[in-house]
Amino acid sequence: MLERLLDITRKLAAPYELTTMLTEVIDAGRAMLNADRASVFLYDRDRDELYTTTATGVDEIRFPAARGLAGECARSRRAINVPDCYADPRFNREVDQTTGYHTRCMLSVPLIGHDDVLVGVLQLLNKNGGVFVAEDEQIASAVAAQCAVALQRVRLIADMVARKKLEHEMVLAHEAQQRVFPTQMPTIPGYDIAAWSRQADQTGGDIYDVISLDGHRHLLLLGDATGHGLAPALSITQFRAMLRMAVRMGASLDAAYASINEQLVEDLPDNKFVTAFLGLFDASAHTVTYHSGGQGPLLHFHAATGACEWHGATTVPMGMLGGLPLAQPQVFELEAGDVIVLASDGVLEYPNTAAEQFGTERVGDLVRAGQGASMAELIDVVRQAVDQFGTGVIQPDDMSMLVLKRQ
């Protein structure tokens, strides 16, 4: 018997994946206890359920961890030997009724791994030639101890591999999203333009873009999909793709805004939306004509007076409501030295340890004090100020800025 147990231990030490290891555990239990059938119920800690993906003769079974003989075995963490299953009210007859199998007797043994962690339950059915006895319980407990450690090892390795794969995929997603941002800002005579974005996760829901239409007209975009992470990144990337397609088709500002909004209403879940500033910048007329769906406040710094004029959104966020009549676009008229600052809420609402927000006043003061700086330098000043203000706070949201100055 000892040699057989050692042989089982040797087999369970092999680098199996989970399904193969479950089969090895079942075969080991059946061989050692002379059982007709066996099942391993793994414990799902997050859902507090027991489930099996490998069992002789049945498909996956999943049920609350407090239910039936397996549940009592898991809860009590002791072997349960039932010589006559149909005489025991704890026995669940549904599996027999489904499969046509008749369970006479059953031995349930808890699988306890390292650090007293519950891995699952091993059940052995119908001992050939009789019922399970006390000696069988001892043997089953010894087998179960080896099986639990083996299963725990396989699951830990599988989790590690899955985590590494996810990390690799997130790196690829991050690289793909970074390629969506413009590699450089266009050179616009008489103007200085710059942009910046920093995500809270590897992928984010913020986007900016400057699309040149002709020699003097450019489409400005600053967008923010709700949340941060992979799902918002997909939404905002879709948004940018639709905008660029609309531009290629020659759509006007109003037509592009309205059609993209309707498409987002169809595509996004009811609790998701995109805040977006979409503006047509005319460098010859010195104007920015825009719609702002939930994106704001927007800063227009007037160099002549030193005043910071903040403007709110012009309509609801995109993707929330379809069929709304589009209001007349608003217009920024730029004089010499004027600056337009578009900043996502990740910048304006960045908190400090006292739960205060960075706010519009601090941004306005920095813009006023930096009139002689380039727009790339201004963004860097704001970024550093936000980082210093939020010292000790993990970045809670994606941060983006798009700034434009008439020289």
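The largest cavity in this structure has a volume of about 40 Å³. Before going further, keep in mind that you're looking at a predicted model.

**The hollow inside**

A search through the whole structure turns up one cavity of 30 Å³ or more. So what sort of residues line the largest cavity: nonpolar, polar or charged? By class, the lining has seven nonpolar residues, no polar ones and no charged ones. You can pick them out by name: Ile193, Leu220, Ile340, Leu342, Leu402, Val403 and Leu404. Two strands each give at least two residues to this lining, namely strand 15 (339-343) and strand 16 (399-406). Strand 16 supplies the largest share, with three residues.

**A pocket that opens outward**

Next, have a look at the second largest pocket, which has a volume of about 360 Å³. Its lining counts 14 residues, and the ones nearest the centre of the pocket are Tyr43, Arg45, Arg155, Leu156 and Asp159. Strand 1 (35-44), strand 6 (118-127) and helix 5 (134-178) are the elements that give two or more residues to the lining of this pocket. Which of them gives the largest share? That's helix 5, with six residues. The mix of classes in the pocket lining is eight nonpolar, one polar and five charged residues. Compare that with the lining of the largest cavity, where no charged residues turn up.

**Charged pairs**

Now for the salt bridges. Side chains of opposite charge can pair when their charged atoms come close. How many salt bridges does a search of the whole structure find? The count is 16. Here are some of them, with the distance between the closest nitrogen and oxygen atoms.

| Pair | N to O distance |
|---|---|
| Glu49 and Arg47 | 3.2 Å |
| Glu72 and Arg90 | 2.9 Å |
| Arg368 and Asp365 | 3.0 Å |

Let's take the Glu72 and Arg90 pair, joined by a salt bridge. Glu72 lies in helix 3 (residues 68-76), while Arg90 lies in the loop between strand 4 (80-82) and helix 4 (94-99), so the pair ties together parts that are 18 residues apart in sequence. The partners also sit in different surroundings: Glu72 is buried, because its relative accessible area is 17%, under the 20% cut-off. Arg90, on the other hand, is partly exposed at 30% relative accessibility.

The Arg368 and Asp365 salt bridge has another layout. Both residues belong to helix 9 (residues 359-369), and because they are three residues apart there, about one helical turn separates them. Arg368 has a relative accessible area of 33%, which makes it partly exposed. Asp365 counts as partly exposed too, at 39% relative accessibility.

And the Glu49 and Arg47 pair, whose side chains meet in a salt bridge? What else is linked to these two? The network of salt bridges here is made up of Asp44, Arg47, Glu49 and Arg62. Is Glu49 buried or exposed? With 16% relative accessibility, Glu49 counts as buried.

**A nonpolar patch on the surface**

Nonpolar residues turn up on the outside as well. Val316, Met320, Leu321 and Leu324 form a nonpolar patch on the surface, and together they have about 330 Å² of accessible area. One of them, Leu321, is found in the loop between strand 13 (307-311) and strand 14 (330-333). Leu321 counts as partly exposed, because its relative accessibility is 42%, which falls in between the limits of 20% and 50%.

**Far along the chain, but how far in space?**

Finally, here are two pairs to find in the 3D view. Arg30 lies in helix 2 (residues 18-33) and is partly exposed, with a relative accessible area of 30%. How far apart in space are Arg30 and Leu124, given that they are 94 residues apart in sequence? From C-alpha to C-alpha, the distance is 6.9 Å.

The other pair starts from Asp345, which has its place in helix 8 (residues 345-348). Asp345 counts as partly exposed, at 27% relative accessibility. Asp345 and Pro297 are 48 residues apart along the sequence, and their C-alpha atoms are 8.8 Å apart in space.

Methods:
Residues numbered from 1 in each chain as written. Predicted model: local features only at pLDDT ≥ 70, side-chain atom pairs only at ≥ 80, totals over all residues. Heavy atoms only, no water. Patch = residues over 30% accessible without salt bridge, like charges linked within 9 Å, V, L, I, M, F, W, Y side chains within 5 Å. Areas by Shrake-Rupley, 256 points an atom, 1.4 Å probe, with all protein chains shown as cover. Salt bridge = Lys/Arg side-chain N within 4 Å of Asp/Glu carboxyl O. Helix = DSSP H or I, 4+ residues; strand = E, 2+ residues; numbered from the N terminus. Buried < 20%, exposed > 50% of the residue type's maximum accessible area, 1.4 Å probe, protein only. 1 Å grid on protein atoms, 1.4 Å probe; cavity = no way out; pocket = protein on both sides within 12 Å on 5 of 7 lines; lining within 4 Å. Points joined across faces, edges and corners; volume = space filled by probe spheres on them. Nonpolar A, V, L, I, M, F, W, Y, C, P; charged D, E, K, R; others polar.
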